[in-house]
Amino acid sequence: MMIRISDPAQAHFRKLLEKQEPDTNIRVFVVNPGTPTAECGVSYCPPDAVEDTDISLEFDGFDAVVDRDSAPFLEEAEIDFVTDQMGSQLTLKAPNAKTRKVADDAPLIEKVNYMIDSEINPQLANHGGKVVLIEITPAGKAVLQFGGGCNGCSMVDVTLKEGIEKQMLAQFPELTGVLDATEHQAGEHSYY
């Protein structure tokens, strides 16, 4: 199942749908899919608004309708209904909304890029920074360019070595290390 909707969220949707015209479903979609500003959303989907190309996912008492363009970005999405001191709210998590999930047999560079977009950059964004993969050297080093708030930040080395490098090597055993593009350009050939 592409989207997981928790039981409390399903109950919440059933209650909302009781007040809509019969056969109304919910639509789950992504605005600006595949971009850093991607947002996952939910709306009512009256029966006449279902397109032939839509995918319908059956849940208890309703369908979740997804348009074809949003579908790849909703892989592994989760919708939950959480109650805490602040009241109740629907939470939507779509880990692949900002970048399309890559196939297991995709080239290494694509898989590393996907990891940067989905896991590393969201963490760096809190500090106004981001990182771009420049290349993977023949020796298996991922060369990264730090941008935004990371430029000239004294923490870059720590972030790179402690965080990013560990994370990448754990996920991609075929990589032998991670370099900062500025070190790389400075001609530090001892790395090869």
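The following legends describe close-up views of a predicted model. Local features need pLDDT of at least 70 and side-chain atom pairs count only at pLDDT 80 or more, while totals for chains, interfaces and linings use all residues. Residues are numbered from 1 along each chain as its sequence is written, and side-chain values use heavy atoms, with hydrogens and water left out.

**View 1. Four strands form an open, mixed sheet in the order β3-β2-β5-β4.** Strands are DSSP runs (E, at least two residues) and helices likewise (H or I, at least four), numbered from the N terminus; two strands pair if DSSP finds at least two bridges between them. Because β3 (39-45) and β4 (55-59) each have a single partner strand, one side of each edge strand lacks a neighbour in the sheet. Strand β2 (residues 25-31) pairs with β3 in the antiparallel sense over seven bridges, and F29 has G41 as its bridge partner in β3.

**View 2. R27 lies in strand β2.** R27 is buried (under 20% relative accessible area, 1.4 Å probe, protein chains only), with a value of 13%. The side chains of R27 and D54 are joined by a polar contact of 2.6 Å; such a contact is a pair of N or O atoms within 3.5 Å, within protein one able to donate a hydrogen and the other to accept it, and residues adjacent in sequence count only if both atoms are side-chain atoms. A polar atom of the R27 side chain also lies 3.1 Å from the backbone oxygen of A49.

**View 3. Helix α2 (residues 108-125) has 18 residues.** Among the buried residues of α2 are V112, Y114 and L124.

Notes. Expected span 1.5 Å × (residues − 1). Buried < 20%, exposed > 50% of the residue type's maximum accessible area, 1.4 Å probe, protein only.
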